[in-house]
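Reader: Could you take a close look at the nonpolar interior of this protein for me? I'd love to know what sits there and how it fits into the whole.

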Amino acid sequence: MKNGLTYKDAGVDIDAGNALVEAIKPLAKATSRTGSDASLGGFGAFFDLKAAGFKDPVLVATTDGVGTKLLVAQAVNKHRTIGIDLVAMSVNDLVVQGAEPLLFLDYFATGKLDVAAAREVIAGIAEGCKIAGCALVGGETAEMPGMYAPGHYDLAGFAIGAVEREQALTGASVNPGDIILGLASSGFHSNGYSLVRRVVEKSGHGFDSPAPFARIGTLADSLLTPTRIYVKSCLAAIRAGHIKALAHITGGGFVDNVPRVLPDGVGADIDAGAIALPPMMKWIAKMGGIESAELARTFNCGVGMVAVVSPEKADDATKLLTDHGETVMRIGMVVSRGSEPRVKMLNLDRWLD
């Protein structure tokens with residue numbers, strides 16, 4: 001039949017997809033590391049664990065997304081930092097197991113492919129991979145007309161890491177009396193944005209309005225601050241023998257995430273008074289009338305990673321993590337506790353004074 005329909009007529013532009021692949025090949029190549037050549041174009045990616053120096057490795061795999069933080073980026077047409085977020089959410093989950101991130105893959109889905117915007121996202125992914133020390137080895141770009149509103153896209157990330165079998169972090173050695181350290185976050189990271197966006201909408205501010213809690217920049221600039229990647233600092237502390245357990249503080253805050261790395265029979269007392277609630281979170285809490293207890297189970301509240309250390313290692317761990325660029329706070333202690341709640345937040349009233 002003459003003038004028959006084509007895939008492009010149906011809304012899928014294969015040429016645009018190929019153009020994106022060519023545009024991002026140099027970005028992926030820049031993330032190459034020992035064990036991987038970080039090339040794109042094949043059906044899969046090889047990784048040589050022996051070449052990477054592992055002797056008796058256990059593989060660890062994670063997957064995550066960025067949530068509705070994407071809608072902030074899409075609203076202001078700023079896409080670069082979202083890619084860093086995507087990497088951070090998965091590689092931070094790897095390091096809490098003691099694993100070194102090795103490989104990263106992404107899934108980018110949209111209704112109509114905007115090559116420029118997609119390239120910005122993937123440039124951020126490559127930047128995040130370089131920060132974490134893992135190779136961007138592939139991914140999938142799916143153009144699905146009718147699935148997404150114009151200008152919208154969704155992301156998912158997949159990370160694979162490895163840890164020597166005897167060095168895996170399980171939390172089994174955590175005991176009452178151990179010290180809980182908090183590593184400062186860079187902002188909201190990539191959790192709680194459904195509530196953040198609701199509060200911003202109610203406040204009457206636009207994302208392009210000046211940030212009411214900062215001297216410079218727009219509200220979107222602050223909200224799009226990328227998730228901090230804790231991989232290199234935490235790996236250094238793990239390999240120095242300072243760390244008993246790590247908890248990535250994501251959705252669920254302290255209340256839901258810290259218990260995930262505690263053995264039965266123990267809990268955690270966390271002193272909110274030792275944690276400086278970031279100005280952007282204070283503003284969101286005030287505008288939304290959000291209670292401190294809700295903050296503690298929704299946001300990271302200024303602490304993106306928690307480390308559990310023995311009392312005799314606390315000072316050494318703090319120094320090493322600080323030397324690697326972290327801001328470290330002593331925020332609590334492990335206690336004997338066999339019943340709920342596993343985590344008690346103390347002095348919550350200090351946050352909203």
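Author: Eleven helices and ten strands make up the secondary structure of the protein, which is shown here as a predicted model. Happily, we can start with the whole and work inwards. The protein has 353 residues and a radius of gyration of 22 Å; a compact globule with that many residues would have one near 20 Å, so the two agree. Along the principal axes, its C-alpha atoms fill a box of roughly 80 × 55 × 35 Å.

Now for the interior you asked about. Buried residues account for 52% of the 353. The largest nonpolar core has 103 residues, and the members that touch the most others in it are F254, I270 and W351. Let's stay with I270 for a moment. Once neighbours within four places in sequence are set aside, I270 is in contact with I180, F254, V258, I275, I331, G332, V343, K344, M345 and L346. So F254, another of those three core members, is itself among the contacts of I270. Apart from the largest core lies another one, made of seven residues, including F54, L103, V137 and A162.

How do contacts across the protein as a whole span the sequence? Taking contacts with a separation of 6 or more, 85% are between residues 24 or more positions apart.

Finally, a glance at the outside. The protein has an accessible surface of about 16,200 Å², and carbon and sulfur atoms hold 53% of that area. As for charge, there are 33 positive and 38 negative charges, and their mean positions are 2 Å apart.

Methods:
Residues numbered from 1 in each chain as written. Predicted model: local features only at pLDDT ≥ 70, side-chain atom pairs only at ≥ 80, totals over all residues. Heavy atoms only, no water. Core = buried A, V, L, I, M, F, W, Y, C linked by side-chain atoms within 4.5 Å. Buried < 20%, exposed > 50% of the residue type's maximum accessible area, 1.4 Å probe, protein only. Contact = heavy atoms within 4.5 Å. Helix = DSSP H or I, 4+ residues; strand = E, 2+ residues; numbered from the N terminus. Rg over C-alpha atoms; globule rule 2.2 N^0.38 Å. Areas by Shrake-Rupley, 256 points an atom, 1.4 Å probe, with all protein chains shown as cover. Lys, Arg positive; Asp, Glu negative; His and termini not counted. Charge placed at Lys NZ, Arg CZ, Asp CG, Glu CD.
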